[in-house]
Amino acid sequence: MQHSGAAGARSYTLFSLLGVLFQGVHIVLSLEIKVDAHVRGYVGEQVKLKCIFKSTSSVTDKLTIDWTYRPPSSSRTESIFHYQSFQYPTTAGTFRDRISWVGDVYKGDASISISNPTIKDNGTFSCAVKNPPDVHHNIPMTELIVTERGFGTMLSSVALLSILVFIPSTVVVILLLVRMVRKSVGLKKRSKSGYKKSSIEVSDDTDQEEEDNCMARLCVRCAECLDSDYEETY
C-alpha cells in the first residue's frame, strides 16, 4: 500500500510539472485579424469599417465572416452582417438595408460600409473570420464615432490651400493695377499741361520703371512658387 501511495504521489508530481510547463506555452493563432481601433464618421456620409485577415490556409467556400454591433454602455450585441460564399446583410434592426459588402476574401479583406450613418450608430463593432481549419484568432473591435460635420470640417484642405494661394496673389495684382492707373493719370495730366521733364525727373522715372519691372517679376516669381507648392500637394 505504501508503494502504490508513493507511485501515486510521483504521478501527481509529474502532472503538476507538466501543467506548469504548459502554462508557459503560448498558443500560436493560425488566423490574424486587423481592424481600425477608432473610426470617425459624419452624419449622412458613408463610412467604411475595415477588417483585414491573414490565414495560413487557402480560402474556401467554408470561410465565414460575421460582423456584430454593441451599443455604448450595453452588453447586448446584434449580428449585422454574415458572409459565406454570399453576402447576407441584416434584414432587421437599425442597420437594415444600410450595410454593404466592400471586401474581397481572396485578398484577405472582410470590410463593410454603413450608408447614411447617424449618431445612434455609435458603438463597438467586431469582425470575426473563420477559415477552417483556421478558426482560432484574436477578436479585434472598432469603435465608431459619428458626429455632425461642422463648418470648419466642411472646408477641405484643397479649399483652404486655394484661399491661401489666391488671396495674396489677388491683393498683389490689385496693388499693381492701382499703381499703374495712378501713373497713367499723372502722365496724361502732364502731357495736357505741356509740362516737360527735367533730366533729373527723367532719370527718376527710369529708375521707377526699373523698380516696377523688378516688382512685377518678383510677383510673378512668387505666384509661380505658390502654384508649384499647390501642385506638389497632389
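Visitor: What percentage of the 234 residues in the protein is buried?
Guide: The model is a predicted one. A residue counts as buried when its relative accessible area is under 20%. Of the 234 residues in the protein, the buried share is 23%.

Visitor: What is the mean pLDDT of the protein?
Guide: Residues that reach a pLDDT of 70 or more make up 60% of the protein. The mean over the protein is 76.

Visitor: How many contacts beyond four places in sequence does the model have for residues 1-27?
Guide: Over residues 1-27, pLDDT stays under 50. Where pLDDT is low, the predicted coordinates should not be read in detail. Residues 229-234 also have pLDDT under 50, with five contacts beyond four places in sequence. For residues 1-27, the number of such contacts is zero.

Visitor: How many helices and how many strands does the protein have?
Guide: Both kinds of element occur in the protein. The counts are four helices and 11 strands.

Visitor: In what order do the strands of the six-strand open sheet stand?
Guide: The pairing in this sheet is mixed. Its edge strands are β2 (38-42) and β7, each pairing on one side only. From one strand to the next, the twist averages 20°. The order is β2-β11-β10-β5-β6-β7.

Visitor: Which residue of β6 stands opposite T68?
Guide: Strand β5 covers residues 64-70 and strand β6 covers residues 78-84. The two pair in the antiparallel sense over five bridges. Opposite T68 in β6 stands S79.

Visitor: Why is one side of β3 and of β8 left without a neighbour in the sheet?
Guide: Three strands form an open sheet in the order β3-β9-β8, with antiparallel pairing. β3 (47-49) and β8 (99-101) stand at its edges, so each has a single partner strand. Neighbouring strands here are turned by 30° against each other on average, direction ignored. The reason for the free sides is the place of β3 and β8 at the edges.

Visitor: Which residue in β9 is the bridge partner of W101?
Guide: β8 and β9 (residues 112-114) run antiparallel and are joined by three bridges. In β9, the bridge partner of W101 is I112.

Visitor: Which residues have the most contacts inside the largest nonpolar core?
Guide: The largest nonpolar core has 26 residues. I80 is in contact with W67 and F125, among others, leaving aside neighbours within four places in sequence. Contacts of I80 also include F95, I99 and I112. Those with the most contacts inside the core are I65, W67, I80, F125 and V129.

Visitor: Is L144 buried or exposed?
Guide: L144 is found in strand β11. Beyond four places in sequence, L144 is in contact with V39, G41, V47, I114, D121, N122, G123 and F125. The relative accessible area of L144 is 1%, and the cut-off for buried is under 20%. L144 is therefore buried.

Visitor: How far apart in space are L144 and I119, C-alpha to C-alpha?
Guide: In sequence, L144 and I119 are 25 residues apart. Their distance in space, C-alpha to C-alpha, is 9.6 Å.

Visitor: Which of the words buried or exposed applies to R98?
Guide: R98 lies in the loop between β7 and β8. Not counting residues up to four places away in sequence, R98 touches S113, I114, S115, N116, P117 and D121. At 13% relative accessibility, R98 falls under the 20% cut-off, so R98 counts as buried.

Visitor: What is the relative accessible area of D97?
Guide: D97 lies in the loop between β7 (86-89) and β8. Phi of D97 is near 60°, a positive value in a residue other than glycine. D97 is exposed, and its relative accessible area is 67%.

Visitor: What is the phi of N116?
Guide: N116 has its place in the loop between β9 and β10. N116 is not a glycine, although its phi is positive. The value is about 50°.

Visitor: Which residue does a cis peptide bond join to P132?
Guide: Omega of this bond is about 10°. The residue sits in the loop between β10 (123-130) and β11 (141-147). The cis bond joins P132 to P133.

Definitions and conventions. Residues are numbered from 1 along each chain as its sequence is written. This is a predicted model: local features need pLDDT of at least 70, side-chain atom pairs count only at pLDDT 80 or more; totals for chains, interfaces and linings use all residues. Side-chain values use heavy atoms; hydrogens and water are left out. Two strands pair if DSSP finds at least two bridges between them. Axes are lines fitted to C-alpha atoms, for helices over the stretch in contact, and angles run from 0 to 180 degrees between N-to-C directions. Buried means under 20% relative accessible area, exposed over 50%, partly exposed in between (1.4 Å probe, protein chains only). A nonpolar core is a set of buried Ala, Val, Leu, Ile, Met, Phe, Trp, Tyr and Cys residues joined through side-chain atoms within 4.5 Å. Contact means heavy atoms within 4.5 Å. pLDDT is the predictor's confidence in each residue, from 0 to 100.
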